[in-house]
Each structure stands twice: as C-alpha cells, then as structure tokens.
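The report below describes a protein model, beginning with the pairing of its strands and moving on to its nonpolar interior.

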Amino acid sequence: MNSPAPKINHTDKILKNFTVFRSCSKKELNRTLKNAELIVLKKNELLFKNKEKPSGIFLVESGIIKIISPYGKNKKFITKLVGKGGIIGMEAAVIETKHITTGQAYMDSVIYKIPVEPFLKLIYTNRECFNKIIDLMGKELDFARNRIVCLSQKTGKQRLAEAVVWLHD
C-alpha cells in the first residue's frame with residue numbers, strides 16, 4: 001500500500017511548511033511528532049480508504065493527493081486535490097469517526113503521518129493551534145460547499161479545464 005520511512009526528527013521543517021503549527025513550541029511539536037511517520041507514496045497508491053478508522057492526520061510535504069468521494073453504486077469522483085502544505089484527515093480525527101473519502105496519490109508524494117492521539121492532545125492544549133485548525137476546517141467546508149454548487153452548474157469540459165488550470169498553478 002505505502003512505504004513507511006524512518007520516524008521524523010526535524011520539527012523546524014514542519015513548523016515552516018505547515019502554518020497551523022507555527023504557534024506551537026518546539027517542545028510541543030517534538031512531543032506530537034515523536035511517533036510520527038514519513039510515508040512515501042507512488043502514483044495511485046492509497047493513503048487511506050473510505051470507511052477506515054483514522055490512524056492519524058496527514059501533512060503533504062510534496063506531491064498531490066486526490067480525495068475521492070463515493071457516490072451511487074460503485075461510482076467515485078475527485079472532490080479535492082491536496083498539494084504541498086495541505087493537511088488531510090482532520091475531520092475524521094477530531095470528530096472521532098471513520099473516513100468518508102479515500103486518499104490516493106495523484107503523483108509521487110511524501111506525507112507526514114501524525115497519530116490521532118498526539119494530534120488531539122496538541123490542539124486541545126494549544127488554543128492558538130486549535131483556532132487555526134478550526135479556521136482551516138471552516139475554510140475547507142466553505143470550499144466544498146462552493147465546489148458542489150460550481151460542479152452542479154458546469155459542463156464536463158468546463159470542470160476539466162478548471163482542473164488543468166489548478167494543476168498548472
């Protein structure tokens with residue numbers, strides 16, 4: 001499925017690339033990242049599956065992960081593409097439910113996986129980090145809502161052109 005790499009020991013890089021953690025002290029990050037993993041995915045490898053219990057949250061260091069939602073009978077569609085600096089899996093971790101989507105590498109990707117418990121402990125003890133996470137989740141909800149409205153009003157060619165432009169940027 002995916003290739004776990006050595007444990008992470010460079011918190012400065014996490015701090016720099018993932019803005020939600022900038023308010024965290026080095027001590028908090030070291031404690032949170034103590035059991036984190038670096039995952040290397042090849043194109044089309046799965047990061048997580050729909051209906052799976054979350055094992056952690058995922059920070060995209062490089063590459064692109066496509067988030068796939070099921071609909072109808074055996075049908076799927078890409079709801080979002082997450083690139084460098086993106087965070088995946090927060091919703092399922094925070095509300096303690098199973099994933100409602102599947103995460104798959106759109107291209108070769110490097111991902112940090114932070115186990116659920118240390119992540120929750122961090123956001124529940126660092127108010128500023130918690131507020132940034134909630135803000136990010138709110139923005140993602142707004143994006144999803146707007147995306148659904150746009151998708152329902154555009155042709156297939158228009159949606160494809162939009163995806164190509166997004167990938168180019």
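## Strand pairing and core

Lys66 stands opposite Leu81 in β6, where strands, like helices, are DSSP runs numbered from the N terminus (E, at least two residues, for strands; H or I, at least four residues, for helices). The model is a predicted one, in which local features need pLDDT of at least 70 and side-chain atom pairs count only at pLDDT 80 or more, whereas totals for chains, interfaces and linings use all residues. Residues are numbered from 1 along each chain as its sequence is written, and side-chain values use heavy atoms, with hydrogens and water left out.

The secondary structure of the protein comes to six helices and nine strands. Of its 169 residues, 38% count as buried, a term that stands for under 20% relative accessible area, with exposed meaning over 50% and partly exposed in between (1.4 Å probe, protein chains only). About 10,200 Å² of the protein is exposed, and carbon and sulfur atoms supply 56% of that area, as computed by the Shrake-Rupley method with a 1.4 Å probe.

An open sheet of four strands, with antiparallel pairing, has the order β3-β8-β5-β6; two strands pair if DSSP finds at least two bridges between them. The edge strands, each pairing on one side only, are β3 (46-48) and β6, and the twist averages 35° from one strand to the next, with axes fitted as lines to C-alpha atoms and angles running from 0 to 180 degrees between N-to-C directions. The pairings of β5 are set out below.

| Partner of β5 | Bridges | Direction | A bridged pair |
|---|---|---|---|
| β6 (residues 75-82) | seven | antiparallel | Tyr71 with Lys75 |
| β8 (residues 102-105) | four | antiparallel | Ile68 with Thr102 |

β5 and β6 form a hairpin with three residues between them, and Gly72 in the turn has a positive phi of about 60°. Five of the seven residues of β5 (residues 65-71) are buried, so this strand is largely enclosed by the rest of the structure.

Which residues touch the most other members of the largest nonpolar core? Of its 24 residues, these are Phe21, Ile57, Leu59, Ile87, Ile114, Phe119 and Ile133, a nonpolar core being a set of buried Ala, Val, Leu, Ile, Met, Phe, Trp, Tyr and Cys residues joined through side-chain atoms within 4.5 Å. Two or more residues come from each of α2 (26-33), β4 (56-62), α3 (90-94), β9 (109-115), α4 (116-125) and α5 (127-153), and the largest share, five residues, comes from α4. Apart from this core lies another, of 12 residues, among them Phe48, Val60, Ile65 and Ile67.

Leaving aside neighbours within four places in sequence, Ile114 is in contact (heavy atoms within 4.5 Å) with residues including Phe21, Thr32, Leu33, Ile57, Leu59 and Phe119. Among contacts in the protein between residues at least 6 apart in sequence, 77% join residues at least 24 apart.

In α4, the buried residues are Val116, Phe119, Leu120, Leu122 and Ile123. Seen down the axis of α4, they fall within an arc of 160°, so they line one face of the helix; the arc is that of the directions from the helix axis to the C-beta atoms. On the face of α4 turned away from its buried side are the exposed residues Glu117, Tyr124 and Thr125.

In α2, the buried residues include Glu28, Leu29, Thr32 and Leu33. These cover an arc of only 115° around the axis, which puts them on the same side of α2.
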